[in-house]
Amino acid sequence: MDNAWKTFRYLETEPTSRKFLVACYDRLGLDNPDRLAFQQSTRFLYLWKQARHFYTTAEAAELSVQPLLLFYGCTHLLKGMLLTRDPAYPQNSRVLQHGVTTRKLKRSAYSLTDDEIRPQKEGFFAHLAHLFSLSPLQDRYVVQNLLASIPEVSDSYAVLSDTQAHWLRLNWNKGVSPISFHDAKSEASTNTIGSWISIPFPDKQEGPLAYSVETFSHYIRRLAPCPDQTEHFEWKKGTVKELLLPQDSLAALEQHPLFHLHGQDLFFWNGSSTSLPLPEWASHYLLLYLLSMLCRYETEWWGELTLSHDYAERFLVERFLEYHAATFPTIIMKQIQRNNPHVWPT
């Protein structure tokens, strides 16, 4: 089980959940944060508790019912995340709807990876997208693109589909000197060597990694969510793409849409800038929605998939569900931490 559950247990009592919500609402500048937190604290604590029970049950369940359990667990975690930003949830019955839909399945020659999930204008997903600045949304999301957009799953999908993975794993080095880097700030040399890291990028003939160093550096700065995020970025002299930044900026790099940090693994998105990957919480929700619908309503097809070893798609489903259960609570915890710095319990 994901270690984030240990932190979420802090929120499973009324006094601690209320204290946490007061801090979140106060930071948002809302009127009467104490009253708002009092109104939502019980709902808030039971969301985390029930989510944990869904994931615990899913861990011991058969593949045939895992997506259903994980979908509801995922939804509860997202509702908890939502309440840290919206004390009025649920405002109406419309926001209780899933907010996404999928086409009616055709039993003949159905391919999971070719299926689509379509966001709706109203509902739970649309409300999350609005609160967490997930826009513009596409009209539809294809399963194969969603799988390819999750770094730890993209390699598996690329192998089975005989395509190039857009997420590339990067090597990064600790304890480097900033002196050899171009345009390094004068104060950089006064920092200890151990507080800096370097990230060399591989040479590629396609994607942004085919750009010149100058164009590549501008590309990374342009797509940063805020200018402060790239303020301390420096580039090595010459034609080699190698980035230098303070070690304490590595975690902030995860907020950049072109980078993904998981433990000690750092990934870079070498796909098109016009189709940047969704935040992981959104990709996971969309995929679990479809898999849970298959589990519930397409029992014959789903049964054949889960019981047969002839489907390569079964491997992708198992790989995704395994990764989701192992990491999704941490994904939500980090999202809440980013939106509420200095509020999360220590």
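This is a short working chat about the strands, helices, salt bridges and surface of a predicted model.

Visitor: What should I keep in mind about the model before we start?
Guide: The model is predicted, so local features need pLDDT of at least 70 and side-chain atom pairs count only at pLDDT 80 or more, while totals for chains, interfaces and linings use all residues. Residues are numbered from 1 along each chain as its sequence is written, and side-chain values use heavy atoms, with hydrogens and water left out.

Visitor: Okay, sheets. What is the order of strands in the sheet that includes strand 4?
Guide: The order is 4-11-10, in an open sheet of three strands with antiparallel pairing. Helices (H or I, at least four residues) and strands (E, at least two) are DSSP runs numbered from the N terminus, and two strands pair if DSSP finds at least two bridges between them.

Visitor: Which strands stand at the edges there?
Guide: Strand 4 (167-170) and strand 10 (259-262) do, and because each has a single partner strand, one side of each is left without a neighbour in the sheet. The twist averages 30° from one strand to the next, where axes are lines fitted to C-alpha atoms (for helices over the stretch in contact) and angles run from 0 to 180 degrees between N-to-C directions.

Visitor: And how many bridges join strand 4 to strand 11?
Guide: Four bridges join strand 4 to strand 11 (residues 265-269), the two running antiparallel, and Leu168 has Phe268 in strand 11 as its bridge partner.

Visitor: Which side chains of Asp265 and Arg169 meet, and in what kind of contact?
Guide: The side chains of Asp265 and Arg169 meet in a salt bridge, at 3.2 Å from N to O; a salt bridge here is a side-chain nitrogen of Lys or Arg within 4 Å of a carboxyl oxygen of Asp or Glu. The pair links distant parts of the chain, with Asp265 in strand 11 and Arg169 in strand 4, 96 residues apart. Asp265 is partly exposed at 31% relative accessibility, and Arg169 is also partly exposed, at 46%, given that buried means under 20% relative accessible area, exposed means over 50%, and partly exposed lies in between (1.4 Å probe, protein chains only).

Visitor: How many salt bridges does that rule give?
Guide: The count comes to eleven salt bridges. One of them joins Glu12 and Arg52, whose closest N and O atoms are 2.8 Å apart. Glu12 lies in the loop between helix 1 (4-8) and helix 2 (14-27) and Arg52 in helix 3, so this pair ties together parts that are 40 residues apart in sequence.

Visitor: Is Glu12 buried or exposed?
Guide: Glu12 counts as buried, at 8% relative accessibility, and Arg52 is buried as well, with a relative accessible area of 14%. Arg9, Glu12, Lys49 and Arg52 are linked in a network of salt bridges.

Visitor: What about Arg314 and Glu318, how far apart are they in helix 12?
Guide: Arg314 and Glu318 are four residues apart in helix 12 (residues 312-339), which means a separation of about one helical turn. Their side chains meet in a salt bridge at 3.3 Å, N to O, in which Arg314 is buried at 14% relative accessibility and Glu318 is partly exposed at 33%.

Visitor: Back to sheets: what order does the one with strand 2 have?
Guide: That open sheet of three strands has the order 1-2-3, with antiparallel pairing, and its edge strands, strand 1 and strand 3, each pair on one side only. Strand 1 (residues 100-102) and strand 2 (residues 116-119) pair over three bridges, with Pro119 as the bridge partner of Val100. Strand 2 and strand 3 (residues 141-142) pair over two bridges: Glu116 is partnered by Val142, and Ile117 by Tyr141.

Visitor: Now helices. How many residues of helix 10 are buried?
Guide: In helix 10, 15 of the 18 residues are buried, so the helix is largely enclosed by the rest of the structure. Its end C-alpha atoms are 26 Å apart, which agrees with the 26 Å span expected at 1.5 Å a residue for residues 280-297; the expected span is 1.5 Å times one less than the number of residues.
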